[in-house]
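Here is a walk through one chain, from the inside out. Keep the structure open in a viewer and follow along.

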Amino acid sequence: MEREIVFFLSTTPYSFENIHSILKIGDAALRRGLKVRIIASGDGVFSIVKGQLPKSLSALEDLVGRGLKVDI
């Protein structure tokens with residue numbers, strides 16, 4: 001059975017550091033060969049919308065290119 005780390009993101013951007021923590025942990029997990037998925041719900045969707053957090057979005061795009069799955 002293959003392991004997968006799943007993050008549930010529901011907090012607003014700019015209010016918390018959650019998206020940055022998720023991206024850092026997700027990056028480390030992908031480097032170790034694990035599957036990683038982010039589920040964004042409610043206000044968490046705004047953390048991954050283009051133009052909201054440009055630095056986070058580019059990091060997210062990089063991780064998606066390396067295998068990160070994102071569900072909204």
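Start with the core. In this predicted model, the largest nonpolar core has 15 residues. Val36, Ile38, Leu60 and Leu68 have the most contacts inside it. Four elements give two or more residues to this core: strand 1, helix 1, strand 2 and helix 2 (54-65). Helix 1 gives the most, with 5 residues. The general background is simple: in soluble globular proteins, nonpolar side chains tend to be buried together.

Now look at strand 2, residues 35-40. Which of its side chains are buried, and which are not? Val36, Ile38 and Ala40 point to one face and are buried. Lys35, Arg37 and Ile39 point to the other face and are not buried. A general rule applies here: in a regular strand the side chains alternate between the two faces of the sheet. Two residues of the buried face, Val36 and Ile38, are also among those with the most contacts in the core.

Next, the neighbours of strand 2. Strand 1 (residues 4-9) pairs with strand 2 in the parallel sense, over 6 bridges. Use two positions to check the register. Glutamate 4 stands opposite lysine 35 in strand 2. Leucine 9 stands opposite alanine 40 in strand 2. Strand 3 (69-71) also pairs with strand 2 in the parallel sense, here over 3 bridges. Arginine 37 stands opposite lysine 69 in strand 3.

How is the connection between strand 1 and strand 2 made? Strand 1, helix 1 and strand 2 make a right-handed β-α-β unit. Helix 1 covers residues 18-31. Histidine 20 sits in this helix. Is histidine 20 buried or exposed? Histidine 20 is partly exposed, because its relative accessible area is 31%, and buried would mean under 20%. The C-alpha atoms of histidine 20 and glycine 33 are separated by 20 Å, at 13 residues apart along the chain.

Turn to the charges. The structure holds 5 salt bridges. Aspartate 27 and arginine 66 form one of them, with a distance of 2.7 Å from N to O. This pair links distant parts of the chain. Aspartate 27 is in helix 1, and arginine 66 is in the loop between helix 2 and strand 3, 39 residues apart. Arginine 66 counts as partly exposed because its relative accessibility is 34%.

Arginine 66 also meets aspartate 62 in a salt bridge, at 3.3 Å from N to O. Aspartate 62 has 42% relative accessibility, so aspartate 62 counts as partly exposed. Which residues do salt bridges with shared partners join into one network? Asp27, Arg31, Asp62 and Arg66 make up that network.

A further salt bridge brings us back to the sheet. Arginine 37 forms a salt bridge with aspartate 71, and the closest N and O atoms are 2.9 Å apart. Why does this pair tie together parts that are 34 residues apart in sequence? Because arginine 37 lies in strand 2 and aspartate 71 in strand 3. Arginine 37 counts as partly exposed, because its relative accessibility is 23%. Aspartate 71 has a relative accessible area of 29%, so aspartate 71 is partly exposed too. Recall that arginine 37 points to the face of strand 2 whose side chains are not buried.

Finish on the surface. Val64, Val70 and Ile72 make a nonpolar surface patch of about 270 Å². Valine 64 lies in helix 2. Valine 64 counts as partly exposed because its relative accessibility is 40%. The C-alpha atoms of valine 64 and glycine 26 are separated by 10 Å, although 38 residues apart along the chain. Isoleucine 72 lies in the segment after strand 3. Why does isoleucine 72 count as exposed? Because its relative accessibility is 76%, and exposed means over 50%.

Terms used:
Residues are numbered from 1 along each chain as its sequence is written. This is a predicted model: local features need pLDDT of at least 70, side-chain atom pairs count only at pLDDT 80 or more; totals for chains, interfaces and linings use all residues. Side-chain values use heavy atoms; hydrogens and water are left out. Patches are made of residues with over 30% relative accessible area and no salt bridge: like charges are joined within 9 Å, nonpolar side chains (Val, Leu, Ile, Met, Phe, Trp, Tyr) within 5 Å. Accessible areas come from the Shrake-Rupley method with a 1.4 Å probe; for residues, only the protein chains shown count as cover. A salt bridge is a side-chain nitrogen of Lys or Arg within 4 Å of a carboxyl oxygen of Asp or Glu. Buried means under 20% relative accessible area, exposed over 50%, partly exposed in between (1.4 Å probe, protein chains only). Two strands pair if DSSP finds at least two bridges between them. A crossover is right-handed if, with the strands pointing away from the viewer, the path from the first strand over the helix to the second runs clockwise. A nonpolar core is a set of buried Ala, Val, Leu, Ile, Met, Phe, Trp, Tyr and Cys residues joined through side-chain atoms within 4.5 Å.
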